[in-house]
Amino acid sequence: MDEERCLQYLKANPYVLEALVTGPFVSRETFQKWAKKRDQKARVLYELGRCCEQLLCMNDVTVVMSSMDGAFQVTKNAEGEMKIRKLRKPKKAPYYVQKVVDCSETILGELHFNSPVTDRDLATVSVISTWAAATHYFAKISSQSSEFLADDTDKINRQRKLSNFLLEVAKSIFQDIISMDLVIMKIMNFAQKLVNADRASLFLLDTKTKELYARIFDVGTNASEHQKLDEDGAKDLRFPMNKGIAGYVATTGQVLNIENAYEDSRFNPEVDSKTGYTTRNILCMPIFIRGTVIGVVQMVNKIDGHFNRDDEDAFEMFAVYCGLALHHAKLYDKIRRSEQKYRVALEVLAYHSVCNKDEVNKLKKIHLTDRVSELETFDFNGMKLSELEKPLYAVYMFKALFQTDLRFDPDDLIRFVLTVRKNYRRVAYHNWAHGWSVAHAMFVLLFVKKDIFTPHEALALYVSCLCHDLDHRGKNNAYMKTMSTPLAAIYTTSVMEHHHFNQTVTILQQNGHNILKSMSSEEYKQALGLIKHCILATDLALFFPNKAKLNDYLDNGTFNIHTPEHRRLVQAILMTGCDLIASAKPWQVQTETVKVIFEEFYDQGDAERLSGKDPIPMMDRTKANELPQMQVGFMRGICLPCYELIARIIPEADSLRDRCIYNAKKWEELAEEQRKIAEAKNSGHENIEKKNINGD
Ligand SMILES: Nc1nc2c(ncn2[C@@H]2O[C@@H]3COP(=O)(O)O[C@H]3[C@H]2O)c(=O)[nH]1
């Protein structure tokens, strides 16, 4: 039936339209909207009629409104309400009928003039009628658009409510990360209100048993009645994932909006039978995390009618946020679990990596009363000390430097030194003996140049040297990175040095180990900050910029030991100088140390080769013959510039530079010998080759 025939039919059978308009299929607000629209037209025509009566000084203009159902006379009752009644045929035809037509050529109505009118009157009436029609037309447009807008406003308000809530959810996901359940509850609660559902529930997928279980199950419509079930859900709210609307959605990942649950073969009435609740309609949404369904959210029984398209759209957005919240909940649980595991590991480690009572008592029994003057020179060879003497002398040096300025518990000091010893690994070079010799070098520097630093600064420098290579694995930062070790994942720069510092702090935090405990919290914080600065400075990668800056200040005469930045540079360079102390030891000690350094280098080179990477020449045992030349490069390129700089700041320590120059020359002689041997070999080979070629 086309529109024209439909109109004819409705005109012929007005009761049909009446029944439709006042029946259940048109909502109250729609009916009111229509009525308002009609009222508006009637009101405009009525006011137009009265306006013409005033202008033409008459009072018998009949106002007629046109509509689909015919012509209606418009009057106004005592209360000012518009009254519309079917137009009866007038006894006498009007003198003049003015049609009121709007911009879209729609006839709004007519004005019947029941008294004689002049041409001038007609001209006036025509103008006013046009204006009135235009006014009505634009009023309609604006009311439509405002209706439209009103509809839109409705939608906009709904969207705004939605987006405000989603923003709240996003914020609470990050703020309430702990109680993710609370966030999910909020989401469910809001979703339920937004789509006006009587009940809401969240089912999660148990991938092991291929079942769905209720994690949040709604027993009523206010939040307090939400029933949050434990991780496994309530036992009786579990069912195979191929059952029910929830199962279908979980299996297919599709959204389902079921208008009549019991008529849908996929519906599972078992849950209703357990809860005594009757499900009429269901809006069910899958929850995805990274493309995998992890659960479904269900809205049950729309309060008025069934769920519509808008509900589906709004709810789809919630399903995403549910997924986000659940994902965070899972991640957070994982983090919590790994933190607990980490704590357990730390406890076990702390127990085994702390010195024991026997070791402490053994050291306590030895009382060093006399001054050990041989310790007061850089040339002292720590390699000759026993496993007991090293900690004993480490305690002695600490006391010699600090016991007049600092308060500390002597037993704490013994425990600290012994535990530091225990946390160096038995690798060829970066072991306790290295830590001890670097601390000894700092002891001598501070001994010969007492007043350059405050007691707390000196303490930080000494402790840093003792601890600067704690838990070193005999592999350098480059190795840690290329092998993508966990340490390299934690620290982006100075990987091992950060780890050494972290180990230092861990030991200080052990019971009975905090040698800094007499400091105020501010002093303690500063001391730790300086220890971190000093240990990180032993990363050779930082030596070059530090050296350049300090030399600049010295060269341009702006160096001032009391300037904090200059002070930190001096501390850093001293740390490097102590770390490389083997290069400034007597030649015998230098060569013995270099032997173990390269043993460690070659171990790393072997490990790199095993993992398919070519080691650098210095770590390649097949190039051991190039060692002297490499040492020349190392001494002249790094050690010598370092000790020359130290001598500029602490002239009393210029012996380090002299020793270093001597050792470099020795390595150059060896390199020269090595070169001659190589040449002899080559020429030997050449002679043999020539003989072969000549056949003699
Ligand atoms: N080639 C060479 N490297 C050294 C020598 N002494 C120290 N080093 C390197 O200098 C680095 C200083 O920081 P580390 O102690 O971490 O590791 C040290 C070694 O890699 C040496 O005599 N020869």
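This is a short talk about a predicted protein model, moving from the whole chain to a sheet, a hairpin and a pair of helices.

Hi everyone, and thanks for coming. Some housekeeping before the structure. The model is predicted, so to speak, with local features needing pLDDT of at least 70 and side-chain atom pairs counting only at pLDDT 80 or more, while totals for chains, interfaces and linings use all residues. Residues are numbered from 1 along each chain as its sequence is written, and side-chain values use heavy atoms, with hydrogens and water left out.

Let's begin with the overall picture. The protein has 22 helices and 12 strands; helices are DSSP runs of H or I with at least four residues, strands are E runs of at least two, and both are numbered from the N terminus. Of its 696 residues, 46% count as buried, where buried means under 20% relative accessible area, exposed means over 50%, and partly exposed lies in between, using a 1.4 Å probe and protein chains only. Now take the contacts, meaning heavy atoms within 4.5 Å. Among those with a separation of 6 or more, 65% come from residues 24 or more positions apart.

Next, the sheet. In what order do the five strands of the open sheet run? The order is E3-E2-E1-E5-E4, and the pairing is antiparallel; two strands pair if DSSP finds at least two bridges between them. The edges are E3 (82-86) and E4 (96-101), each pairing on one side only. From one strand to the next, the twist averages 30 degrees.

At one edge, strand E2 (residues 70-76) runs antiparallel to E3, joined by five bridges, with Gln73 opposite Arg85 in E3. These two strands form a hairpin with five residues between them, and Gly80 in the turn has a positive phi of about 85 degrees.

At the other edge, E4 and E5 (residues 107-113) pair over six antiparallel bridges, and Val101 stands opposite Ile107 in E5. Please look at Val100, which also sits in E4. Is Val100 buried or exposed? Val100 is buried, at a relative accessible area of 1%. Beyond its neighbours within four places in sequence, Val100 touches residues including Leu45, Leu48, Leu111, Ser129 and Ala133. Its C-alpha is 9.2 Å from that of Met65, 35 residues away in sequence.

On to a second hairpin. Strand E11 (residues 282-289) has seven of its eight residues buried, so E11 is largely enclosed by the rest of the structure. Strand E10 (residues 256-258) pairs antiparallel with E11 over three bridges, where Asn257 has Leu283 as its bridge partner. E11 is also joined by eight bridges to E12 (residues 292-302), again antiparallel, and here Ile282 partners Val300. The hairpin of E11 and E12 has two residues between the strands, and Arg290 takes a positive phi near 45 degrees.

Last, a helix pair. The axes of H9 (residues 357-365) and H11 (residues 410-422) come within 10 Å and cross at roughly 125 degrees. Axes here are lines fitted to C-alpha atoms, for helices over the stretch in contact, with angles from 0 to 180 degrees between N-to-C directions. That crossing makes H9 oblique to H11; under 35 degrees would be roughly parallel, over 145 roughly antiparallel, 65 to 115 roughly perpendicular, and the rest is oblique. Which residues of H9 meet H11? They are Glu359, Val360, Leu363 and Lys364, and their partners in H11 include Asp411, Ile414 and Leu418.

Thanks, and I'm happy to take questions.
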